[in-house]
Amino acid sequence: MTRRLLLSLAMFVTGVAPLVAAGLARPAGVSTTADTPTGTLRISSILDVASVDPAMGDDLLSRLISEATCARLFRYDSAAGGTSARVVPEAVRRVSVSQDGRTYRFDLRRTLRFHTGVPVTAQSYADAFDRVANSRLGSPGTPFVRDIVGAAAVVRGSAPSISGVRALAPYRLQIRLTAPAADLTARLTLGFFCPVLPSTPVDRPIADPAASGPYHVAERIVNQRIVLERNPFYRGDRPARFDRIVWTIGGTLQECQRAVEEDRADWCGELGAPRDAWRGLADKYGINRRGGQLFVSPLVGTWYYAFNYSRPAFRGPGQIALKKAINFAIDRPALARPLGYLMGKRTDQMLPPPLGGPASIYPLGGANLTAARRWYAKARIKPITLVLYSWNTPPAVAQASILAFELRQLGIDLDVKYFDVDTLSERARIPGEPFDIVLGGWVADYPDPWGFFGALLDPETGPLALVVDPRVRRRMEAVNRLTGDARLRAWADLDVDLMRKDPPWAPFVHYNGRFFVSPSLGCFTPTPVFGMDITALCRRR
């Protein structure tokens, strides 16, 4: 499990990160664009970024930095809006895939330059892959190169470079995989694969990375300030509407909220505002208004209770009825409430909106105990007690109490065991661990259905590796081999089919991002992974 996953989970479950009540409209743009760069974008945050080295930054704030400073092979299409996870080329002009789906060739744009003026070439990207695989660096991006030919040798330290990543020509890059991976282009949106200069150290983080995107890091004072300035050599398609971005670190959320309202700051980083302030802000400023200040948009994340198929209560076709009974019995609005106002949208689907499709199989407005008891009566085994493994954070404890009340209506007592985030993930991966249900909350690393499920099912690090029925995993792996539009449709259909016929989870909330911005900030563009595109922001006139 990557550090980013653990950090994201810890932040979400304590209610201190962007994320619940009802469906919300797609955010409207805020006012006009400004094509001529001018002034300073003022961002504040109580937390510092993990790293400005794109190979090391696995938290949300670090990824916002790499988003602004990196010309990736592929990127999210922010113009498609916050409900879309569409991936489009950035540095790539043309891509070809071998018939067996294992070899990708990318012809690259020839106009990209680092902020030093040096051209960005195929070797710049190949070197980035080698850094990520180097075990001495310890990049959290290492799991994302494991299926590339030769990556394992670099991770072991027996080879200096990945044999499956080659610069065939100055502007032609080849990647060979050990098996077809239809999610590769979406995976390449990760900042871990930002191009690097030839002199970049492979075994230690760097504080002054060469930037290939619209901005570069001009100053970094740890726990105080980060300054981004425009890359004078950038010739890509993304805007850079401010001369500089100044990221100030420290202070309190209350102070930052006041600064945003008084137009002394533009945005309060990953937290946005104090937990108890959002309802008042929504009442005062509205939500997703054109020209407004408060925006809510979906992220690629879900809260859920997963059923442990290896336990008698959920093993075999005779226990499908119990899974359905629980999905009918849970009160999704009640489970959403402890997370905080506007933190998400209640759901009965596993895949979040940018990756899945619409469906309504189980009740979203509250429990349906009549249907729940009817399905419970059909279960072959009717357990008296079920064991829940839950996080020990306040929202999770409150949710466990709600779930216990709901299951008592079916005649089931819930025995709850509480753990911190790290420990729960480790315990869930121990064969034979005696739990029936486990709480989960997950935000995908990149916008693809397998990017969502793959990390959860990873045999080495995934918290659901031993929980999900192998038959369900095989169905997911089969759909994962599809490409193009058929792939996304098939994933959405599989999600609905599983939840209707044999639900492996009881999902209850899809995450939202919440953003409170200054009255002078415009051009707000939501994205499903980063939450917002800071390079597209502008100053209102």
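**Exercise 1. Which cysteine forms a disulfide with C256, and how many Å apart are their sulfur atoms?**

Keep in mind throughout that this is a predicted model.

Step 1. Find the partner: C256 forms a disulfide with C268, and the two sulfur atoms sit 2.1 Å apart. The cut-off for a disulfide is a pair of cysteine sulfur atoms within 2.5 Å.

Step 2. Place the two ends. C256 is in helix α6 (residues 253-261), while C268 is in the loop between α6 and α7 (278-285), 12 residues apart.

Step 3. Check handedness and cover. With -110° about the S-S bond, the link of C256 and C268 is left-handed. Both C256 and C268 are buried.

Step 4. Look at another residue in that loop. L271 is also found between α6 and α7. Its relative accessibility is 6%, so L271 counts as buried. From the C-alpha atom of L271 to that of R241 is 24 Å, with the two residues 30 apart along the chain.

**Exercise 2. Work out the handedness of the disulfide of C70 and C194, and say where its two ends lie.**

Step 1. Start with the bond: the sulfur atoms of C70 and C194 are 2.2 Å apart, and the pair forms a disulfide.

Step 2. Read the torsion. About the S-S bond of C70 and C194 it is about -125°, so this disulfide is left-handed.

Step 3. Locate the ends. C70 is in the loop between α2 (60-69) and β2 (74-76), and C194 is in the loop between α5 (184-187) and β8 (215-221). That makes them 124 residues apart, so the pair links distant parts of the chain.

Step 4. Decide on burial, using the cut-off of under 20% relative accessible area. C70 comes in at 1%, so it counts as buried. C194 has 4%, so C194 is buried too.

**Exercise 3. Do the same for C523 and C538, then give the pattern of the disulfides.**

Step 1. C523 and C538 form a disulfide with their sulfur atoms 2.0 Å apart.

Step 2. The torsion about the S-S bond of C523 and C538 is about 75°, so this one is right-handed.

Step 3. C523 lies in the loop between β17 (521-522) and β18 (526-527), and C538 is in strand β20 (residues 538-539), 15 residues apart. C523 and C538 are both buried.

Step 4. Now zoom out. The count comes to 3 disulfides. Counting bonded cysteines along the chain, the pattern is 1-2, 3-4, 5-6.

**Exercise 4. Describe the open sheet that contains β5, then see what packs on helix α3.**

Step 1. Order the strands: 4 of them form an open sheet, β4-β5-β7-β6, with antiparallel pairing.

Step 2. Find the edges. β4 (92-97) and β6 each have a single partner strand, so one side of each is left without a neighbour in the sheet. The twist averages 20° from one strand to the next.

Step 3. Pick out one pairing. β5 and β7 run antiparallel and are joined by 5 bridges. T103 stands opposite R176 in β7.

Step 4. Turn to helix α3 (residues 122-133). Its 12 residues reach 17 Å from first C-alpha to last, close to the 16 Å expected at 1.5 Å a residue. The helix is mostly covered, with 11 of its 12 residues buried. Among them are Y125, F129 and R131.

Step 5. Put the two together. The buried residues of α3 pack against β5 (103-108), β6 (165-169) and β7 (172-176), as well as α4 (151-156).

Conventions. Residues are numbered from 1 along each chain as its sequence is written. This is a predicted model: local features need pLDDT of at least 70, side-chain atom pairs count only at pLDDT 80 or more; totals for chains, interfaces and linings use all residues. Side-chain values use heavy atoms; hydrogens and water are left out. Buried means under 20% relative accessible area, exposed over 50%, partly exposed in between (1.4 Å probe, protein chains only). The expected span of a helix is 1.5 Å times one less than its number of residues. Contact means heavy atoms within 4.5 Å. Two strands pair if DSSP finds at least two bridges between them. Axes are lines fitted to C-alpha atoms, for helices over the stretch in contact, and angles run from 0 to 180 degrees between N-to-C directions.
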